[in-house]
Amino acid sequence: MTELDLPAWPPVPVRTERLVLRESEARDRTTFIELFASPDVGTYIGGSRPRAELERAIPEVPGRRPGFFVIELRGTMIGMITLDRRDAGRPGRLRPGAGDTELGYLFLPEAWGHGYAAEACAAALSWFAGAHPGEPVVLCTQSANERAMRLAATLGFTEVERFEEYGAEQWFGVRPSATPPLDRDGTALDRPVLDRLILD
C-alpha cells in the first residue's frame with residue numbers, strides 16, 4: 001500500500017455516536033500487537049504473527065501516516081482503519097494505473113458484533129468523500145469471510161470481480177463516490193464548511 005495525497009494530516013478527530021477516529025499514539029502500541037497476534041483477527045489475512053516478532057517490529061508510535069485511523073471506544077483503541085492506494089501489482093483494479101483507494105480495517109475480537117466496524121468505516125468513508133470528492137473507494141476481502149462480506153454490503157460496496165489470491169477466492173468491490181452534501185438552496189457546500197460538518 002502507498003500513502004494517499006490527503007489534506008494536512010493528522011485531521012481533527014472524527015467523532016461518531018460512540019467512537020472517535022484519530023491518529024495513532026504511543027499508548028496504542030500494545031493494542032496493535034494484540035491485533036496482529038490474534039489468531040481470530042488473522043484468520044482471513046494470512047494468519048497471526050508471533051508476539052515476539054511484533055514486539056521487535058512495531059514502532060513506538062505505529063501507523064502514523066496519512067489515511068490511517070485508530071478507532072477508539074471510551075478512551076481505548078479497539079481497531080484501526082486504513083485508506084491507502086491499492087498496490088498496482090495486485091489483481092483487482094477499478095481503473096488501470098489510476099491507483100485506486102482501498103479501505104482496510106481490523107478490530108479486536110471483543111469489539112466484533114456491536115456495529116463498531118460499520119459505524120467507524122462509514123465515518124472514515126464520509127471523511128474521505130469530503131477530502132476527495134468524486135473518488136470511489138475499493139474493498140477486497142476473502143469471499144469466505146462472511147462478516148466482511150456483510151459489512152461491505154452495509155457500506156454500499158458492490159461486486160466488481162472475484163479472483164484467486166493467497167490461495168483463496170477474493171471478493172473485490174467498489175463504493176461509488178459520495179455526492180458532496182448540499183446546503184439548503186441545493187448548492188454544494190464549500191470545503192471549509194464540509195470539513196466542519198465531517199470532522200467536528
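**Exercise 1.** How many bridges join strand S6 to strand S8, and do the two run parallel or antiparallel?

*Solution.* The model is a predicted one.
Step 1: locate the strands; S6 covers residues 137-142 and S8 covers residues 168-175.
Step 2: count the bridges between S6 and S8, which gives six.
Step 3: compare the directions; S6 and S8 are antiparallel.
Step 4: pick one facing pair; Val-138 lies opposite Val-174 in S8.

**Exercise 2.** Find the strands that helix H4 touches, and give its direction relative to S6.

*Solution.*
Step 1: H4 spans residues 146-154 and packs on the sheet.
Step 2: look for contacts, meaning heavy atoms within 4.5 Å; H4 touches S5 (101-107), S6, S7 and S8.
Step 3: the direction of H4 makes about 160° with that of S6.

**Exercise 3.** Write down the strand order of the sheet, then explain why S1 and S7 each have one side without a neighbour.

*Solution.*
Step 1: the eight strands form an open sheet, ordered S1-S2-S3-S4-S5-S6-S8-S7, with mixed pairing.
Step 2: S1 (14-15) and S7 (158-165) are at the edges.
Step 3: each of these two has a single partner strand, so one of its sides has no neighbour in the sheet.

**Exercise 4.** Describe the protein chain as a whole by its elements and its burial.

*Solution.*
Step 1: count five helices and eight strands.
Step 2: read the elements from the N terminus: β-β-α-α-β-β-β-α-β-α-β-β-α.
Step 3: take buried as under 20% relative accessible area; buried residues are 47% of the 200 in the chain.
Step 4: the accessible surface is about 10,200 Å², and carbon and sulfur atoms account for 52% of that surface.

Note on methods
Residues numbered from 1 in each chain as written. Predicted model: local features only at pLDDT ≥ 70, side-chain atom pairs only at ≥ 80, totals over all residues. Heavy atoms only, no water. Helix = DSSP H or I, 4+ residues; strand = E, 2+ residues; numbered from the N terminus. Buried < 20%, exposed > 50% of the residue type's maximum accessible area, 1.4 Å probe, protein only. Areas by Shrake-Rupley, 256 points an atom, 1.4 Å probe, with all protein chains shown as cover. Pairing = 2+ DSSP bridges. Axes fitted to C-alpha atoms, helices over the stretch in contact; angles between N-to-C directions.
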